Amino acid sequence: QSCHRPVGQRASQEPGSRGLPEGVEYIPTRKKGKNPMKPVGVAWYSLYARTRLGYLFYQRQVKKARERYPHGHSVPQPYCFPGVKILPIPVLSNNYSYLVIDTGSSQAAVIDPSDPLAVQAAIEEEGVMLEAIFCTHKHWDHSGGNEALCQKHSSCRVYGSALDAIPQLTNPLADREKVSVGCLTFEALATPGHTVGHMVYVLDGDPFGSPPCLFSGDLLFLAGCGEPFEGSPETMLASLDLAMGLGEDTLLWPGHEYALECLTFASLLELDNSALEQKLQWAVQQRQEKRSTCPSTLGEEQTYNPFLRTHRPELQEALGLWQGGGEDPDAFRARVLKEVRRRKDLYQAT
């Protein structure tokens with residue numbers, strides 16, 4: 001069984017003054033241009049990322065999510081090519097872990113095991129051997145299951161950046177370092193911004209006749225982008241550009257189910273973007289049925305993801321931004337990215 005490529009029909013309703021698709025509502029969380037991360041948010045982030053309070057909060061997240069979503073927050077659909085199977089595992093309230101299986105050897109790797117019980121259940125159901133954990137970054141909702149899974153699987157190695165305090169890290173990776181699990185080859189790419197040591201992992205699809213697969217953690221979501229907690233707009237822009245260099249056919253497997261929130265926000269910025277309207281309508285239907293919205297492709301993302309459209313005149317105009325005389329093009333794009341981020345922080349979509 002394999003996931004279908006996300007396609008949708010043109011939305012009959014448009015955002016803003018023209019209404020929203022059924023089931024989608026905009027709720028502004030701030031009426032004025034104040035960043036909700038400052039100052040209280042920054043203090044909370046420091047507690048979450050650097051103290052035991054963060055782990056206790058994560059444990060509470062896990063407990064509540066297991067009670068609320070005993071079968072996961074979404075209905076996942078495995079994606080199969082000859083020799084490889086990718087199984088999204090819905091965990092917590094909106095996270096995804098991914099079990100990637102070399103079907104020939106039954107060796108497997110997991111990306112960002114948030115909830116060890118959910119990941120272990122998938123491992124047992126698939127009858128595979130867990131050989132590797134690839135962590136995109138240190139945050140507990142991406143790394144909280146490392147210890148329990150390593151205790152269960154003695155040969156399992158934990159990979160990630162040494163710049164992040166990743167729990168149980170056994171094999172620190174350098175930028176562009178490659179790791180093999182059975183016939184699977186993953187390449188680690190340093191993508192700082194969300195955290196200093198954030199990494200994404202690219203599965204080489206050539207041996208299986210498939211496109212590359214990008215496991216993006218909190219760098220990139222469907223129509224969205226992670227908060228630059230530990231980086232500047234310039235740093236985040238460089239990381240996004242690096243990811244986009246992988247090619248338009250690359251499959252995007254994000255760390256969160258944020259499609260509706262991100263698409264509804266994006267539709268506020270570009271009211272006449274037909275690709276965005278179509279994707280929003282499709283996502284509304286998917287989420288009404290509790291179906292996963294991943295994967296998308298990087299080619300698709302360029303047509304509706306505002307964080308990847310900083311070079312587009314229509315988005316720049318919608319934001320009321322123009323390049324200054326003599327301003328470096330990338331510096332201007334970073335300024336556009338910063339404004340998109342500021343506006344995104346002022347909205348919460350439900």
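The legends below accompany an overview and several close-up views of a predicted model.

**Figure 1. Overview of the predicted protein model, with 11 helices and 17 strands.**
Of the 350 residues in the protein, 53% are buried. Among contacts with a separation of 6 or more, 64% are accounted for by residues 24 or more positions apart. The accessible surface of the protein comes to about 15300 Å², and carbon and sulfur atoms contribute 51% of this area.

**Figure 2. Close-up of Glu 301, a buried residue that has no salt bridge.**
Glu 301 is part of helix α9, which covers residues 298–304. The nearest side chain of opposite charge belongs to Lys 279 and is 6.0 Å away; because a salt bridge requires a side-chain nitrogen of Lys or Arg within 4 Å of a carboxyl oxygen of Asp or Glu, Glu 301 and Lys 279 are not counted as such a pair. The side chain of Glu 301 instead has polar partners of other kinds: one of its polar atoms lies 2.8 Å from the backbone nitrogen of Ala 223, and a polar contact of 2.7 Å joins it to the side chain of Ser 296. When residues up to four places away in sequence are set aside, the residues that Glu 301 touches are Phe 221, Leu 222, Ala 223, Leu 252, Ser 296 and Leu 308.

**Figure 3. Close-up of the aromatic pair formed by Tyr 79 and Trp 253.**
The whole structure holds 18 aromatic pairs. In the one shown here, the rings of Tyr 79 and Trp 253 are arranged edge-to-face, with 5.6 Å from centre to centre and 90° between the planes. This pair links distant parts of the chain, since Tyr 79 belongs to strand β2 (residues 79–81) and Trp 253 to strand β15 (residues 251–254), 174 residues apart. Tyr 79 counts as buried because its relative accessibility is 5%, and Trp 253 is likewise buried, with a relative accessible area of 0%. Both residues take part in a cluster, linked by ring pairs, that also contains Phe 81, Tyr 96, Tyr 98 and Phe 215.

**Figure 4. Close-up of the salt bridge between Arg 176 and Glu 187.**
A search of the whole structure gives 19 salt bridges. In the bridge between Arg 176 and Glu 187, the closest N and O atoms are 4.0 Å apart. Arg 176 sits in the loop between β8 (171–172) and β9 (178–181), whereas Glu 187 is in strand β10 (residues 184–190), and the two are 11 residues apart. With a relative accessibility of 46%, Arg 176 counts as partly exposed.

**Figure 5. Close-up of Glu 339 in helix α11, with its salt-bridge partners Arg 342 and Arg 343.**
In the salt bridge between Arg 342 and Glu 339, the closest N and O atoms are 2.8 Å apart, and in the one between Arg 343 and Glu 339 the corresponding separation is 2.8 Å. Helix α11 spans residues 329–345, and within it Arg 342 and Glu 339 are 3 residues apart, about one turn of the helix; Arg 343 and Glu 339, also both in helix α11, are 4 residues apart, again about one turn. Glu 339 counts as buried because its relative accessibility is 15%, whereas Arg 342 is partly exposed at 33% and Arg 343 is partly exposed with a relative accessible area of 24%. Elsewhere, Glu 270, Arg 309, Arg 312 and Glu 314 are joined into one network by salt bridges that share partners.

Key
Residues numbered from 1 in each chain as written. Predicted model: local features only at pLDDT ≥ 70, side-chain atom pairs only at ≥ 80, totals over all residues. Heavy atoms only, no water. Buried < 20%, exposed > 50% of the residue type's maximum accessible area, 1.4 Å probe, protein only. Contact = heavy atoms within 4.5 Å. Areas by Shrake-Rupley, 256 points an atom, 1.4 Å probe, with all protein chains shown as cover. Lys, Arg positive; Asp, Glu negative; His and termini not counted. Polar contact = N/O pair within 3.5 Å; in protein donor to acceptor, adjacent residues only side chain to side chain. Phe/Tyr/Trp six-rings, centres within 6.5 Å; stacked < 30°, edge-to-face > 60°.
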